Amino acid sequence: MTKAALTVAALLLAASVLAAGTPAAAPPSTLRADVAEWSIVPSQGAVRAGAVRIVLRNLGAEAHQLMVVRTRSFGETLPLQGNRAVARPLGAMLAAPGASRAFVLQLKPGNYLLLDNLPWHYWKGTQAAFVVR
């Protein structure tokens, strides 16, 4: 092969590598949480670690909050202070009746809790556990 042919081959190889680019990041897992008066129903009980898109659908007649909290064990009960849970949320959002909201969190493997921490909501059972694998 001549020097010119080698140069052309090397340029073609470099162009094909650049055209391939870097692989796209994996799309986030999605966890939908249907919230109404005194219940949260997640779309699934487990999601994969990494980017997780949390979608709150308020199916109730009043405003609802959705908080994501990491727990030590599956279904762990959080302590109460008055009529609210004592929690350090990784993310939270509020939705009016009939509204939907979403955000993305980076979650590590472990146990988590979805809860509504508006006054009396968690206390009345508005919570659901899920696992990140």
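**A friendly note on a strand-rich chain**

1. Read from start to end, the protein chain follows the pattern α-β-β-β-β-β-β-β-β-β-β-β. In other words, the protein chain has one helix and 11 strands. Please keep in mind as you look around that this is a predicted model.

2. Some overall values help you get your bearings. The protein chain has 133 residues, and 35% of them count as buried. Among contacts with a separation of 6 or more, 64% are between residues 24 or more positions apart. The protein chain exposes about 7,800 Å², with 60% of that supplied by carbon and sulfur atoms.

3. Let's begin with strand S1, which covers residues 29-36. Is S1 largely enclosed or not, and why? Six of its eight residues are buried, so S1 is largely enclosed by the rest of the structure.

4. Now for the partners of S1. Strand S4 (residues 50-58) runs parallel to S1, and seven bridges join the two. You can find one of these pairs by locating Ser29, whose bridge partner in S4 is Val52. Strand S2 (residues 39-42) runs antiparallel to S1, with four bridges between them. Here Ala36 has Ser39 of S2 as its bridge partner. S1 and S2 form a hairpin with two residues between the strands, and in this hairpin Trp38 takes a positive phi near 75°.

5. A general reminder is useful before the next sheet. Strands of a sheet pair through backbone hydrogen bonds, either parallel or antiparallel. Both senses turn up in the open sheet of five strands, whose pairing is mixed and whose order is S3-S11-S10-S5-S8. Which strands are at the edges? They are strand S3 (46-47) and strand S8 (91-95), each of which pairs on one side only.

6. Start at the S3 edge and work inward. S3 pairs with S11 in the parallel sense over two bridges. To see this on the model, look for Ala46, whose bridge partner in S11 is Val131.

7. Strand S5 deserves a closer look. How many of its eight residues are buried? Seven are, and S5 is mostly covered. On one side, five bridges join S5 to S8, and these two strands run antiparallel; Leu66 has Met93 of S8 as its bridge partner. S5 also pairs with S10, again in the antiparallel sense over five bridges, and Thr71 has Asn111 of S10 as its bridge partner.

8. Within S5 (residues 64-71), pick out Gln65. Is Gln65 buried or exposed? Its relative accessible area is 17%, and because the cut-off for buried is under 20%, Gln65 counts as buried. Leaving aside residues up to four places away in sequence, Gln65 touches Met93, Leu94, Leu115, Asp116, Asn117 and Leu118. With Leu118 there is also a polar link: the side chain of Gln65 reaches the backbone nitrogen of Leu118 at 3.5 Å.

9. Finally, turn to the surface. Leu80, Trp120 and Trp123 make a nonpolar surface patch of about 340 Å². Of these residues, Trp123 is in the loop between strand S10 (110-115) and strand S11 (127-132). Trp123 is partly exposed, with a relative accessible area of 49%. That value falls short of the exposed class because exposed means over 50%.

Methods. Residues numbered from 1 in each chain as written. Predicted model: local features only at pLDDT ≥ 70, side-chain atom pairs only at ≥ 80, totals over all residues. Heavy atoms only, no water. Buried < 20%, exposed > 50% of the residue type's maximum accessible area, 1.4 Å probe, protein only. Contact = heavy atoms within 4.5 Å. Areas by Shrake-Rupley, 256 points an atom, 1.4 Å probe, with all protein chains shown as cover. Polar contact = N/O pair within 3.5 Å; in protein donor to acceptor, adjacent residues only side chain to side chain. Patch = residues over 30% accessible without salt bridge, like charges linked within 9 Å, V, L, I, M, F, W, Y side chains within 5 Å. Salt bridge = Lys/Arg side-chain N within 4 Å of Asp/Glu carboxyl O. Pairing = 2+ DSSP bridges.
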